[in-house]
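Dear colleague,

Please find below the structure that I am handing over to you. My findings follow it, arranged by region so that you may read them beside the model.

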Amino acid sequence: MKQVKATELLPEKLVLEIQKYIQGASLYIPKQPGSYCKWGAKSGGRKAIDQRNAMIRTEFSNGKPIDQLANEYFLATETIKKIVYSKTR
């Protein structure tokens, strides 16, 4: 999170108004609700996990046992069960 000095960014009148409520402390201003990205959207992590899960489902539907999938993908058997028995996106 980047820190910015209020006097460098905001108009003087607004800084004076904010100083009525808080002075000399850090103030966090969150993003607007519509501007958030879902986890992994920017880094590609979500896409990689979705692709891995699709491969796991395909291999399971082709007859590969859950224990073997867990060993190959280094996941717990319960995690594999959640992947293969859940509805796909």
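**The loop between H3 and H4**

Lys64 has its place in the loop between H3 and H4. Please keep in mind throughout that this is a predicted model. Lys64 counts as partly exposed because its relative accessibility is 23%, and the partly exposed class lies between the limits of 20% and 50%. Not counting residues up to four places away in sequence, Lys64 touches Glu59, Leu69 and Glu72. Lys64 and Lys81 are 17 residues apart along the chain, and their C-alpha atoms are separated by 12 Å.

One of the residues touched by Lys64 is Glu59, which is found in helix H3. Is Glu59 buried or exposed? With a relative accessible area of 19%, Glu59 is buried, since the limit for that class is under 20%. Its contacts, again leaving out residues up to four places away in sequence, are Lys64, Leu69, Glu72 and Tyr73.

Helix H3 also holds Met55. Met55 has a relative accessibility of 47% and therefore counts as partly exposed. Between Met55 and Pro11 there are 44 places in sequence, and the distance from C-alpha to C-alpha is 54 Å.

**Helix H4**

Which residues of H4 are buried? They are Ile66, Leu69, Ala70 and Tyr73. These residues lie on the same side of H4 because they cover an arc of only 100° around the axis. A general rule helps here: an α-helix has 3.6 residues a turn, so residues three or four places apart point the same way. Asp67 and Asn71 are exposed, and they sit on the face of H4 turned away from its buried side. The cover over the buried residues of H4 includes H3 and H5.

Two of these buried residues deserve a closer look. Ile66 is in contact with Phe60, Thr77, Ile80, Lys81, Val84 and Tyr85, if its neighbours within four places in sequence are left aside. Ala70, also in helix H4, is buried, with a relative accessible area of 6%. Beyond the residues up to four places away in sequence, Ala70 touches Leu75, Ala76, Thr77 and Ile80. Ala70 and Ala41 are 29 residues apart in sequence, and 26 Å separates them in space, C-alpha to C-alpha.

**The loop between H4 and H5**

Phe74 is found in the loop between H4 and H5, just after H4. As a general matter, most residues other than glycine have a negative phi. Phe74 is not a glycine, yet it has a positive phi of about 55°. Phe74 is also exposed, with a relative accessible area of 76%.

**Helix H5**

Helix H5 covers residues 77-85, and its buried residues are Ile80, Ile83 and Val84. Why do they lie on the same side of H5? The reason is that they cover an arc of only 90° around the axis. Lys82 and Tyr85 are exposed on the other side of H5. Helix H3 (45-61) and helix H4 (66-73) are included in what covers the buried residues of H5.

**The largest nonpolar core**

The buried residues of these helices can now be considered together. The largest nonpolar core has eight residues in all: Ile56, Ile66, Leu69, Ala70, Tyr73, Ile80, Ile83 and Val84. The elements that give two or more residues to this core are H4 and H5. H4 gives the most, with four residues.

**The largest pocket**

The last region to report is the largest pocket, which holds about 730 Å³ of space. It is lined by 20 residues, and those closest to its centre are Val4, Lys5, Ala6, Ala25 and Leu27. Which elements give two or more residues to the lining of the largest pocket? They are helix H1 (6-9) and helix H2 (12-19). As for the character of this lining, twelve of its residues are nonpolar, six are polar and two are charged.

When you open the model, I suggest starting with Lys64 in the loop between H3 and H4. From there you may turn to the buried side of H4, formed by Ile66, Leu69, Ala70 and Tyr73, and then to Ile80, Ile83 and Val84 in H5.

With kind regards

Terms used
Residues numbered from 1 in each chain as written. Predicted model: local features only at pLDDT ≥ 70, side-chain atom pairs only at ≥ 80, totals over all residues. Heavy atoms only, no water. 1 Å grid on protein atoms, 1.4 Å probe; cavity = no way out; pocket = protein on both sides within 12 Å on 5 of 7 lines; lining within 4 Å. Points joined across faces, edges and corners; volume = space filled by probe spheres on them. Nonpolar A, V, L, I, M, F, W, Y, C, P; charged D, E, K, R; others polar. Buried < 20%, exposed > 50% of the residue type's maximum accessible area, 1.4 Å probe, protein only. Arc of directions from axis to C-beta. Contact = heavy atoms within 4.5 Å. Core = buried A, V, L, I, M, F, W, Y, C linked by side-chain atoms within 4.5 Å.
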